[in-house]
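Trainee: I have this model open and would like to know what stands behind the words we use for it. Could we go through them together?
Mentor: Gladly, ask away.

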Amino acid sequence: MDYKTKWFSIQQNPNETVITFHPEPHVRFWPPSVLREAPLPRSWKTGGRVVITGSGAVWMYAHAAALVAANGGCVEVRKPQDQASRNVGDASTPRSFSPRDFFVVEDRELGDGQRIVLVKLDIRPAPPVAREQLAEVVKALCHELDKLQGRISIYLTGSGPVEVYAGIASAAVSRGVSRIVCVSPRDGYVNVWPCDEETPEVPSEAIDWIHSLLRPKQGSITLGVVGDPNCGKSVLSRVLYYCAVKANYWSWRFDSDGQSPTPEWYLSLRQVSREQAEQLRKSQKIGWTKEMEETLTAQLRGARDYFDVLIVDLPGGNLKASPPQRIPPGRETLFELVDKFVLVYQYDASPQPWIDALREHQLDTRIIAMIASAHPHQFPTLTLTKTANAIWEGLATGLDRGVDLNTIVSSFHEALLPFWETIVGLHKSHD
């Protein structure tokens with residue numbers, strides 16, 4: 001090992017240099033301050049290909065790629081799940097594929113030749129876009145940037161894989177941009193290039209302008225999905241997210257289970273090799289800590305205003321305790337940030353334990369829907385009806401991680417349209 005800190009290591013191999021990110025052992029998420037407190041070396045002999053890999057946020061990948069580009073290196077992103085199965089991330093190109101459909105560029109001149117550029121990505125994990133097409137997206141975006149004049153500061157935000165963030169940062173540095181900032185719902189404004197004590201704060205004028213473009217004009221709603229383990233909670237949270245996108249709401253899914261999250265790569269790899277997926281996910285599990293709880297709460301608080309619909313996959317608690325703790329002491333602060341709850345429960349069980357758990361914190365009145373999950377391996381179906389007490393009740397089948405996500409989304413989409421219209425409209429009327 002040639003260089004190692006708490007959050008990354010650098011290894012020089014004969015044909016490549018490998019930068020590996022390491023998860024924070026107690027919280028999982030590193031704060032952006034590590035870029036200054038334990039920085040990547042500002043210069044080292046690259047001489048060719050530099051591989052960036054490991055468990056890291058998009059701003060970490062963008063930062064590393066920018067430094068590599070500044071030192072004349074060639075960036076390659078290698079995801080941990082790609083090492084487990086070479087097929088993960090491969091996809092057939094849609095017939096209607098157009099790179100320009102995956103991003104929006106807005107720019108504004110600040111004066112004195114300074115220009116701020118907001119790049120808003122919209123590359124959803126499903127259906128997956130092939131690596132070759134992701135490269136075309138980066139190329140098309142760079143073509144747009146080449147049209148701009150002046151000293152350019154780029155602000156990157158939106159849904160996109162780490163390789164796209166890294167590719168944009170690398171290309172931007174090679175083109176001589178003066179600044180790169182990632183606008184993260186979790187972490188706020190993160191300076192990724194340059195990143196040192198000399199880097200000035202993001203101008204308030206830039207923040208005001210970016211907020212006017214990003215934040216919903218008529219309010220937003222945070223929708224939390226709760227339920228016991230193995231009831232289909234995480235699958236449903238993901239389906240709600242994609243159905244909200246399909247219904248033309250600017251949406252995001254916040255996985256607040258820091259102990260054992262269900263990332264997109266896990267579901268993709270599971271389609272190829274269930275055993276490999278389970279092994280890799282198990283290796284990344286960590287214990288629940290107070291610090292993790294505080295970090296996730298702060299992240300959710302910051303993300304609430306960025307989206308029309310924010311879907312939160314909430315942790316299931318500790319059912320091994322006696323009595324079971326669905327909302328352990330202290331975790332209610334995370335739940336209090338949720339506007340409305342969707343409660344998922346096994347068809348042959350009762351939703352009452354979760355109703356009681358929410359009632360203990362005066363949150364039961366925020367329940368907007370209760371959905372029974374049955375026959376998880378069957379073809380996905382959803383019936384959803386609004387009752388007289390204004391709570392939606394439904395029955396869902398096919399909520400299993402092994403069922404094709406696109407199939408579930410297609411099946412649930414129509415049934416959810418009246419639900420979206422009601423809850424988003426209801427929340428906007430109270431803003």
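Trainee: Which residues is tryptophan 7 in contact with, once its neighbours within four places in sequence are left aside?
Mentor: This is a predicted model, and in it tryptophan 7 is in contact with Thr20, Phe21, His22, Trp30, Val34, Leu35, Ala38, Leu40, Met60 and His63. Contact here takes heavy atoms within 4.5 Å.

Trainee: What makes a set of residues a nonpolar core?
Mentor: The residues must be buried, come from Ala, Val, Leu, Ile, Met, Phe, Trp, Tyr and Cys, and be joined through side-chain atoms within 4.5 Å. The largest such core has 58 residues, and Trp7, Phe21 and Ile180 have the most contacts inside it. Helix H2, residues 58–70, gives the most to this core, with 10 residues. A second, separate core has 40 residues, including Met292, Val338, Ile355 and Ile367.

Trainee: Why is serine 170 called buried?
Mentor: Its relative accessibility is 15%, and the cut-off for buried is under 20%, so serine 170 counts as buried. Serine 170 lies in helix H5. Leaving aside neighbours within four places in sequence, serine 170 is in contact with Ala65, Ala69 and Val75.

Trainee: How do you know that the span of helix H7 agrees with its number of residues?
Mentor: The expected span is 1.5 Å times one less than the number of residues. For the 14 residues of H7 (233–246) that should give 20 Å, and the end C-alpha atoms are 20 Å apart, so the two agree.

Trainee: And why is H7 described as largely enclosed by the rest of the structure?
Mentor: Because 12 of its 14 residues are buried. Among them are Lys233, Arg238, Tyr241, Tyr242 and Cys243. H7 is followed by asparagine 248, whose phi is positive, near 70°.

Trainee: What makes the meeting of aspartate 146 and arginine 175 a salt bridge?
Mentor: The cut-off is 4 Å between a side-chain nitrogen of Lys or Arg and a carboxyl oxygen of Asp or Glu. This pair has 2.8 Å from N to O, so the definition is met. Aspartate 146 lies in the loop between helix H4 and strand S8, and arginine 175 in the loop between helix H5 and strand S9, so the pair ties together parts that are 29 residues apart in sequence.

Trainee: Are those two partners buried or exposed?
Mentor: Neither word fits. Partly exposed covers values between under 20% and over 50%. Aspartate 146 has a relative accessible area of 46% and is partly exposed, and arginine 175, at 43%, also counts as partly exposed.

Trainee: Which salt bridges does arginine 253 form?
Mentor: One is with aspartate 255, where the closest N and O atoms are 3.7 Å apart. Another is with aspartate 313, at 2.9 Å from N to O. Arginine 253 lies in strand S12 and aspartate 313 in strand S13, so that pair ties together parts that are 60 residues apart in sequence.

Trainee: Why are these three residues called buried?
Mentor: Set each value against the cut-off of under 20%. Arginine 253 has a relative accessible area of 11%, aspartate 255 has 11% and aspartate 313 has 1%, so each of them is buried. Elsewhere, salt bridges that share partners join Glu16, Arg49, Glu76 and Arg78 into one network. The structure holds 20 salt bridges.

Trainee: How do you know that S12 and S13 pair?
Mentor: Pairing needs at least two bridges. S12 and S13 have five, in the parallel sense, so they pass. Within this pairing, serine 251 stands opposite valine 309 in S13.

Trainee: What makes S12 and S16 the edges of their sheet?
Mentor: The open sheet of seven strands runs S12-S13-S11-S14-S15-S17-S16, with mixed pairing. S12 and S16 each have a single partner strand, so one side of each is left without a neighbour in the sheet. Helix H10 (290–303) packs on the sheet, touching S11, S12 and S13, and its direction makes about 170° with that of S12.

Key
Residues are numbered from 1 along each chain as its sequence is written. This is a predicted model: local features need pLDDT of at least 70, side-chain atom pairs count only at pLDDT 80 or more; totals for chains, interfaces and linings use all residues. Side-chain values use heavy atoms; hydrogens and water are left out. Buried means under 20% relative accessible area, exposed over 50%, partly exposed in between (1.4 Å probe, protein chains only). Helices (H or I, at least four residues) and strands (E, at least two) are DSSP runs, numbered from the N terminus. Axes are lines fitted to C-alpha atoms, for helices over the stretch in contact, and angles run from 0 to 180 degrees between N-to-C directions.
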